[in-house]
Amino acid sequence: MTDEREFIRETIRLAKELGLIKKMGQHLLVNVNILKREVEYAYLNKNDIVLEIGAGLGNLTYFLAKKAKKVVAIEKDKRLAEILEKRFKDFGNVEVVVGDALEIDYPPFNKIVSNIPYLISSQITFRILRENFDIAVLTYQKEFAERLVAKPGTKNYSKLSVACYFYAKAKILEYIPRTVFFPKPKVDSAVVEIIKRDKPKFDIDEKLYFKIVKGVFSYRRKTLKNALINAGFSKYIDSIPENLLKERVFKLSPEDFAKICEIISSS
Ligand code: SAH
């Protein structure tokens, strides 16, 4: 226990020394209990290779490395990557990869646990959804997490929710307050579990599906009919059932969008 707390204290000291406080976008999760819970949510064992995106100073890496066979820690900031190398040299199971998690190829892994850089939540999520893995446990800004897991008809239901559902099952495991980060950010967070489906939910033209979803969600409170007209799909309206056309976009389920996609692709 003292080792753990000591490691986190050292993280905070390093963060101060590096002036991370003034740098936007780098907020470190420094609560030992929450860090440990994140690791537990992923059921890590000594067969697992864990991918960590945006490892920072390694406060989550520390707990991952204790449970997993290996941690692949991706960090864009060279200074931080060097510190990670030093801090985990004796662990022997942490591979630090210096690079942009949106650009580089990932070494093999089977689980993902990360407190991700919030600025790139959306891009990272889409990137991850195309990878294969058993489970991902990710900390997001609360609002993003809520949009990711939202159900049809709710206020947070969005194209992000539909996209996530297409590839995976996602749920919020817990909320975390801004007070457990250093320096304290202006937003709250949430831990999300993402489990990939064996194959995409619908056997349809994926590109078209996302084009339709993206198009109509620009008009989420309009009826599907008006949204389709505004999004440039007017010529397909006659082929779509009246009960769907009358419905507000945000009330349509992913299954409804799949039906609409099939109608459009076959007309
Ligand atoms: N996971 C750590 C740090 C979170 S801060 C913790 O919980 O304490 C986010 C980290 O992601 C920062 O260290 C930042 O340098 C890094 N980062 C930002 N954009 C990145 C990208 N595109 N690829 C890899 N790392 C990135």
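Me: In this predicted model, is the crossing of H2 and H3 left-handed or right-handed?
Reply: Helices here are DSSP runs (H or I, at least four residues; strands, E, at least two), numbered from the N terminus. A crossing is left-handed if the near helix is turned anticlockwise from the far one by less than a right angle, and right-handed if clockwise. By this rule, the crossing of H2 and H3 is right-handed.

Me: At what angle do H2 and H3 pack?
Reply: The axes, lines fitted to C-alpha atoms over the stretch in contact (angles from 0 to 180 degrees between N-to-C directions), lie 9 Å apart for H2 and H3. The two helices are oblique to each other, a class left after parallel (under 35 degrees), antiparallel (over 145) and perpendicular (65 to 115). The packing angle of H2 and H3 is about 45 degrees.

Me: How are H1 and H3 oriented relative to each other?
Reply: Helix H1 spans residues 2-18 and helix H3 spans residues 59-67. Their axes come within 9 Å and cross at roughly 150 degrees, and H1 passes H3 in a right-handed crossing. The angle therefore makes the orientation of H1 to H3 roughly antiparallel.

Me: Where is Tyr43 found?
Reply: Tyr43 has a phi near 45 degrees, a positive value in a residue other than glycine. Helix H2 (32-41) and strand S2 (49-53) flank its position. Tyr43 belongs to the H2-S2 loop.

Me: Which residue does a cis peptide bond join to Phe182?
Reply: The omega of this bond is about -15 degrees. The partner lies in the loop between strand S8 (181-182) and strand S9 (189-196). That partner is Pro183.

Me: Which residue has a side-chain N or O atom 2.8 Å from an oxygen atom of the ligand?
Reply: Among the 19 residues around the ligand (a heavy atom within 4 Å), Gly54, Glu75, Asp100, Ala101 and Asn115 come nearest. Gly54 places a backbone N or O atom 2.7 Å from a ligand nitrogen, and Asp100 places a polar side-chain atom 2.8 Å from a ligand nitrogen. The residue with the contact to a ligand oxygen is Asn115.

Me: How much of the ligand's exposed area does the protein bury?
Reply: Taken alone, the ligand exposes 570 Å² (Shrake-Rupley method, 1.4 Å probe). The protein buries 93%.

Me: What pLDDT do local features need?
Reply: Residues are numbered from 1 along each chain as its sequence is written, and side-chain values use heavy atoms, without hydrogens and water. Side-chain atom pairs count only at pLDDT 80 or more and totals for chains, interfaces and linings use all residues, whereas local features need a pLDDT of at least 70.

Technical notes
Polar contact = N/O pair within 3.5 Å; in protein donor to acceptor, adjacent residues only side chain to side chain.
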